[in-house]
Amino acid sequence: MDLLPVFQWLEDTTIGVIIRESLWLFPVIEAVHLLALALIGGMILVVDLRLLGFGIRSQSSAALAKSLQPWLVGGLITMVATGVPMFLSEAIKCYYSPPFWYKMSFFAVALLYTFTVRKRVAAADATALGPFWGRLSALTSLALWFCVGFSGRWIAFY
């Protein structure tokens with residue numbers, strides 16, 4: 001199935017046209033998008049550093065992950081809410097951009113991993129699970145989210 005007609009239709013939506021024709025709207029939306037990515041990155045980094053044995057040692061990884069969960073979810077909602085309009089303004093460019101497809105793939109895998117495997121590892125009793133699985137989970141999480149950010153930045157240069 002060829003998605004090009006769908007991408008053309010998406011780019012021609014009212015939102016896409018308004019953002020594309022505005023001098024300042026895309027940069028403002030992108031700034032909020034990047035702030036949301038920084039928020040997500042910070043929340044991921046704090047918990048992953050704890051799983052690696054660094055960072056905030058006064059709390060368990062489970063307590064830390066639970067307390068940061070609302071910030072992580074809020075950042076994700078903001079990132080999606082700003083990413084969709086940016087996408088609509090340049091859907092055809094995205095269609096032909098391998099970095100866009102890498103970003104979306106990494107984003108899907110990172111989300112799935114964060115809310116399944118990493119969530120269970122962070123919530124588990126560290127003594128029962130052992131440090132290896134916490135470290136492996138943290139390194140995998142950091143690698144996935146780094147790939148999301150890197151490929152997102154790569155879109156601009158492709």
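## Tyr102 and the nonpolar surface patch

Tyr102 is partly exposed, because its relative accessible area is 43%, a value between the 20% limit for buried residues and the 50% limit for exposed ones. The model described here is predicted. Tyr102 belongs to helix α6, which spans residues 98–123.

On the surface, Tyr102 joins Phe146, Phe150, Trp154, Phe157 and Tyr158 in a nonpolar patch. Together these residues present about 750 Å² of accessible area. The element that gives the most to the patch is helix α8 (residues 131–155), with three residues.

## The nonpolar cores

In soluble globular proteins, nonpolar side chains tend to be buried together. In this model the largest nonpolar core has 22 residues, and Ile40 and Trp145 have the most contacts inside it. Two or more residues of this core come from each of the helices α3 (25–51), α4 (61–89), α6 and α8. Another core, of 10 residues, lies apart from the largest one and includes Leu10, Phe87, Leu88 and Tyr95.

The surroundings of Trp145 can be listed in detail. Leaving aside residues up to four places away in sequence, Trp145 touches Ile40, Ile44, Leu76, Met79, Phe107, Ala110, Leu111 and Thr114. Contact between Trp145 and Ile40 thus links the two residues named as having the most contacts inside the largest core.

## Ala143 in helix α8

Ala143 is located in helix α8. With a relative accessible area of 40%, Ala143 is partly exposed, since this value lies between the limits of 20% and 50%. Ala143 and Ala110 are separated by 33 residues in sequence, and their C-alpha atoms are 9.0 Å apart in space. Ala110 is also among the residues that Trp145 touches.

## Ser61 in helix α4

Ser61 is placed in helix α4. The residue is buried, because its relative accessible area of 10% falls under the 20% limit. Its side chain reaches the backbone oxygen of Ala122 at a distance of 2.9 Å.

Ala122 also appears among the contacts of Ser61, together with Arg50 and Leu51, when residues up to four places away in sequence are not counted.

## Salt bridges

Side chains of opposite charge can pair when their charged atoms come close. Across the whole structure, three salt bridges are found. In one of them, Arg118 pairs with Asp48, and the closest N and O atoms are 2.7 Å apart. Arg118 lies in helix α6 and Asp48 in helix α3, so this pair ties together parts that are 70 residues apart in sequence. Arg118 and Asp48 are both buried.

Another salt bridge joins the side chains of Glu11 and Arg20, at 4.0 Å from N to O. Glu11 is buried, because its relative accessible area of 14% is under the 20% limit. Arg20, by contrast, counts as partly exposed, with a relative accessibility of 37%.

Lys93 and Glu90 also form a salt bridge, in which the closest N and O atoms are 3.9 Å apart. Lys93 counts as partly exposed, because its relative accessibility is 35%.

Key:
Residues are numbered from 1 along each chain as its sequence is written. This is a predicted model: local features need pLDDT of at least 70, side-chain atom pairs count only at pLDDT 80 or more; totals for chains, interfaces and linings use all residues. Side-chain values use heavy atoms; hydrogens and water are left out. Patches are made of residues with over 30% relative accessible area and no salt bridge: like charges are joined within 9 Å, nonpolar side chains (Val, Leu, Ile, Met, Phe, Trp, Tyr) within 5 Å. Accessible areas come from the Shrake-Rupley method with a 1.4 Å probe; for residues, only the protein chains shown count as cover. Helices (H or I, at least four residues) and strands (E, at least two) are DSSP runs, numbered from the N terminus. Buried means under 20% relative accessible area, exposed over 50%, partly exposed in between (1.4 Å probe, protein chains only). A nonpolar core is a set of buried Ala, Val, Leu, Ile, Met, Phe, Trp, Tyr and Cys residues joined through side-chain atoms within 4.5 Å. Contact means heavy atoms within 4.5 Å. A polar contact is a pair of N or O atoms within 3.5 Å; within protein, one must be able to donate a hydrogen and the other to accept it, and residues adjacent in sequence count only if both atoms are side-chain atoms.
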